[in-house]
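Q: I have a structure open in front of me and would like to learn how to read it. Where should I begin?

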Amino acid sequence: FQTKLWDPFQHPQYRHAPGYYEGNENCGYRFSHNFSPQLVASKGDQPGATVHDLNVTNSFGIRDVEPSSDPKQENILIVGDSMTYGSALKHIEDTWPRVLNRILGENGRHHLVNAGVPGYNTFQETCLLDSLLEEFSHSSSRMPKTVILTYFARHWERDRFGKPGMT
């Protein structure tokens, strides 16, 4: 019996440089740490394919800015799936966590970090959260004070690596 992890980036619309994400025994896959090559839409694969700027990851393997180390700012970590990640958007600034960050950030006390991963189900989101909290524990000044876990209502119908079926 051989299992192949579901690869959210095999959609013909996208081509990623090798190393954008890495296999993970517990979560199935996650973004690589400190990844920066450009994600480009494949030419001719999909009419209207767009170029995305959503592929750079930080030192925690999160596709967003670094969490703040400013003691005056409260880090808020948002863990989710493609809706949180912003799969259908052209610019990271258009993701709902960035929009919320602009609203809350006006007072300078909050700093939202988007940890959305396309194709994730709730099991994988909690797995990623556990992993990230472990990584944050080594950098206590960046530890989030609040976590928002988002989910899609039908994710319970997928097994732990996002394939159809229940576990």
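What follows is a short dialogue on reading this predicted model.

Q: Which helices and strands does the protein have, and how many of each?
A: The protein has three helices and seven strands. Read from the N terminus, the elements come in the order β-β-β-β-β-α-α-β-α-β. Of its 167 residues, 42% count as buried. Among the contacts with a separation of 6 or more, 67% are between residues 24 or more positions apart.

Q: How do I read a pair of strands, for instance β2 and β3: parallel or antiparallel?
A: Strands of a sheet pair through backbone hydrogen bonds, and the pairing is either parallel or antiparallel. Here β2 and β3 run antiparallel, joined by four bridges. A hairpin of three residues leads from β2 to β3. To find the pairing on screen, look for E22, which stands opposite R30 in β3.

Q: Which strands form the open sheet, and in what order?
A: Three strands form it, in the order β6-β5-β7, and their pairing is parallel. β6 (110–116) and β7 (146–149) are at the edges with a single partner strand each, so one side of each has no neighbour in the sheet. From one strand to the next, the twist averages 20°.

Q: How many bridges join β5 to β6?
A: Seven bridges join β5, residues 74–80, to β6, and the two strands run parallel. Within this pair, V79 is opposite A115 in β6.

Q: Which strands of the sheet do helices α2 and α3 touch?
A: Helix α2, residues 96–104, packs on the sheet and touches β5, β6 and β7. The direction of α2 makes about 175° with that of β6. Helix α3 also packs on the sheet, with contacts to β5, β6 and β7. For α3, the angle is given against β5 and is about 150°.

Q: How do I think about side chains along a strand?
A: In a regular strand the side chains alternate between the two faces of the sheet. Keep that in mind when you trace a strand on screen.

Q: Which residues form the disulfide?
A: The structure holds one disulfide. It is formed by C27 and C127, with their sulfur atoms 2.1 Å apart. This pair links distant parts of the chain, 100 residues apart. C27 lies in the loop between β2 (21–24) and β3 (28–31), while C127 belongs to helix α3, residues 122–136.

Q: Why is the disulfide of C27 and C127 called left-handed?
A: The torsion about its S-S bond is about -95°, so the disulfide is left-handed.

Q: Are C27 and C127 buried or exposed?
A: A residue counts as buried when its relative accessible area is under 20%. C27 has a relative accessible area of 1%, so C27 is buried. C127 has 13%, so C127 is buried too.

Q: How many cavities of 30 Å³ or more are there?
A: The count comes to one cavity of 30 Å³ or more. The largest cavity has a volume of about 50 Å³.

Q: Which residues line the largest cavity?
A: The lining consists of R30, F31, G61, I62, R63, N114, A115, G116, V117, L128 and L132. β3, β6 and α3 each supply at least two residues of this lining. β6 gives the most, with three residues. Two names return from earlier turns: R30 of the hairpin pairing and A115, which stands opposite V79.

Terms used
Residues are numbered from 1 along each chain as its sequence is written. This is a predicted model: local features need pLDDT of at least 70, side-chain atom pairs count only at pLDDT 80 or more; totals for chains, interfaces and linings use all residues. Side-chain values use heavy atoms; hydrogens and water are left out. A disulfide is a pair of cysteine sulfur atoms within 2.5 Å. Buried means under 20% relative accessible area, exposed over 50%, partly exposed in between (1.4 Å probe, protein chains only). Two strands pair if DSSP finds at least two bridges between them. Axes are lines fitted to C-alpha atoms, for helices over the stretch in contact, and angles run from 0 to 180 degrees between N-to-C directions. Contact means heavy atoms within 4.5 Å. On a 1 Å grid over the protein atoms alone, a cavity is a set of points where a 1.4 Å probe fits but cannot get out, and a pocket is an open set with protein on both sides within 12 Å along at least five of seven lines; lining residues have an atom within 4 Å of a point. Grid points are joined across faces, edges and corners, and a volume is the space filled by probe spheres set on the points.
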